[in-house]
Amino acid sequence: MLSFHTARQRARKASDKTPPRIGLAVAGGGPIGGMYELGALRALDEAIEGLDLSRLDCYVGVSSGAFLAASLANRIGTEEMCRIFLTGDSDDVQFRPEAFMRPAVFEYMRRASAFPRLAADWWRELLFSPGDLRWPDFLTRFGGLVPTGLFDNTEVERFLRDVFTRRGRSNDFRQLDSRLYVIAVDLDSGEAVRFGGKQWDDVPISQAIQASAALPGLYPPVEVRGRHFVDGALRRTMHASVVLERGIDLMLGVNPLVAFNSGADIGVAASSPGRLAAGGLPAVLSQTFRTLLQSRMQIGLAKHQQQFPDIDQLIFEPNAQDGELFFTNAFSFANRQRIAEIAYRNVMADLRTRGDTLAPVLAAHGLRVREDIAGDASRSILDGLQPRPRRTETTARLHRALNDLDALVASRH
């Protein structure tokens with residue numbers, strides 16, 4: 001589902017000789033949300049002529065979207081990311097999903113070590129002041145024994161650090177050619193922090209993404225400079241204002257989480273009352289979470305249209321009727337290719353059916369929809385992958401340098 005805001009100054013932009021400044025905002029959504037975003041970005045990369053997602057003016061990413069934004073800022077294109085996460089035949093990065101789902105054993109042990117002391121204090125008070133104890137006090141006192149996260153996210157940081165320190169890439173915000181922002185939330189204050197911004201650009205990109213993806217309950221908070229950070233989506237869904245404030249001309253946004261419209265799903269009987277309620281607590285919580293995130297984003301985008309009336313904004317989201325996407329485990333890597341394929345086809349359908357409306361918007365920024373790509377309804381996300389390249393560290397750096405030279409020559413022309 002595509003939504004967009006059209007700038008009032010398009011005529012002026014179309015006549016401007018300077019290259020358009022384009023920003024990308026990528027929301028979170030867990031592993032499945034990340035795969036949806038990858039499919040959507042791959043479709044945009046293939047179907048929009050003149051768009052180079054790895055050479056935009058600025059990027060902002062939240063949670064799983066932070067890795068995609070950081071990868072593009074580091075010139076890892078959507079084709080290579082498809083090889084890493086979907087086909088598994090990348091000669092650069094070996095992705096192992098199980099590494100991201102390792103139990104947080106040390107967190108469990110650290111919490112459990114406090115049990116003897118808490119139990120002794122409890123029994124002491126029970127013996128000498130039994131009338132002062134209540135069940136809520138019991139839950140509050142022993143609640144500290146519950147781990148803050150099920151899985152260990154140190155492997156997340158280790159994986160990212162390895163990816164961003166090879167083949168000419170950088171794990172330093174300050175060394176990137178484009179501005180990159182990764183958003184996380186300070187657990188103790190609720191403040192949203194822009195890693196990559198002033199006073200926070202010396203934090204390694206890998207650690208910033210680890211903090212931004214620390215979804216409470218799934219991963220423990222990440223400590224940076226003595227402060228504990230969790231998932232950046234706790235404050236805002238997409239943090240689009242971060243790139244809009246940089247005076248860009250066009251913003252592209254991808255949000256993988258929308259509320260499911262079960263009444264419009266042809267696979268669900270319209271006469272069945274309580275369709276989602278029948279799925280139990282997981283389905284209810286998922287719908288609640290999605291509704292809150294989407295409504296909050298819609299409110300934010302409405303404000304952005306008033307605050308930044310001269311910036312075109314294109315936002316790509318899933319179809320609300322897509323039951324298959326809704327009922328897929330959001331924290332499972334097993335269905336990543338199928339989810340990426342759904343996103344790819346959704347975006348291609350948006351570009352195909354709304355091409356007439358989009359054409360003048362894209363043309364104002366030197367872009368156009370490739371009808372031969374978007375018009376092929378049977379096209380798959382894997383169809384555009386070229387024969388697998390084989391590069392060493394040296395040849396990869398040389399290839400990167402040649403690409404930089406080509407881009408420089410093209411910009412001079």
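Start by selecting strand S5, residues 179-186, in this predicted model. The strand is mostly covered, with 7 of its 8 residues buried.

Now bring up the strands that pair with S5, beginning with S4, residues 58-62. S4 and S5 run parallel and share 5 bridges. To get your bearings, pick Arg179 in S5 and look across to Cys58, which stands opposite.

Next, add S6, residues 192-195. This pairing with S5 is antiparallel, over 4 bridges. Click on Ile183 and you'll find Arg194 as its bridge partner in S6. Then follow the chain through the hairpin: 5 residues lie between S5 and S6, and Gly190 has a positive phi near 80°.

One more strand to show: S8, residues 227-231, antiparallel to S5 and joined to it by 3 bridges. Here Val185 faces Val230.

Time for side chains. Select Leu180 and display what surrounds it. Beyond its neighbours within four places in sequence, Leu180 contacts Tyr59, Ala69, Ala70, Ala73, Phe173, Phe195, Gly196 and Ile205. Leu180 also belongs to the largest nonpolar core, which has 84 residues; along with Phe195 and Leu351, it touches the most other members. Colour helix H2, residues 30-47, as well: its 9 residues are the largest share of this core.

Which residues should you pick for the second, separate core? Try Val60, Ile183, Leu244 and Leu301, which are among its 20 residues. You've already met Ile183 as the bridge partner of Arg194. As a backdrop to both stops, nonpolar side chains tend to be buried together in soluble globular proteins.

Note on methods: Residues numbered from 1 in each chain as written. Predicted model: local features only at pLDDT ≥ 70, side-chain atom pairs only at ≥ 80, totals over all residues. Heavy atoms only, no water. Buried < 20%, exposed > 50% of the residue type's maximum accessible area, 1.4 Å probe, protein only. Helix = DSSP H or I, 4+ residues; strand = E, 2+ residues; numbered from the N terminus. Pairing = 2+ DSSP bridges. Core = buried A, V, L, I, M, F, W, Y, C linked by side-chain atoms within 4.5 Å. Contact = heavy atoms within 4.5 Å.
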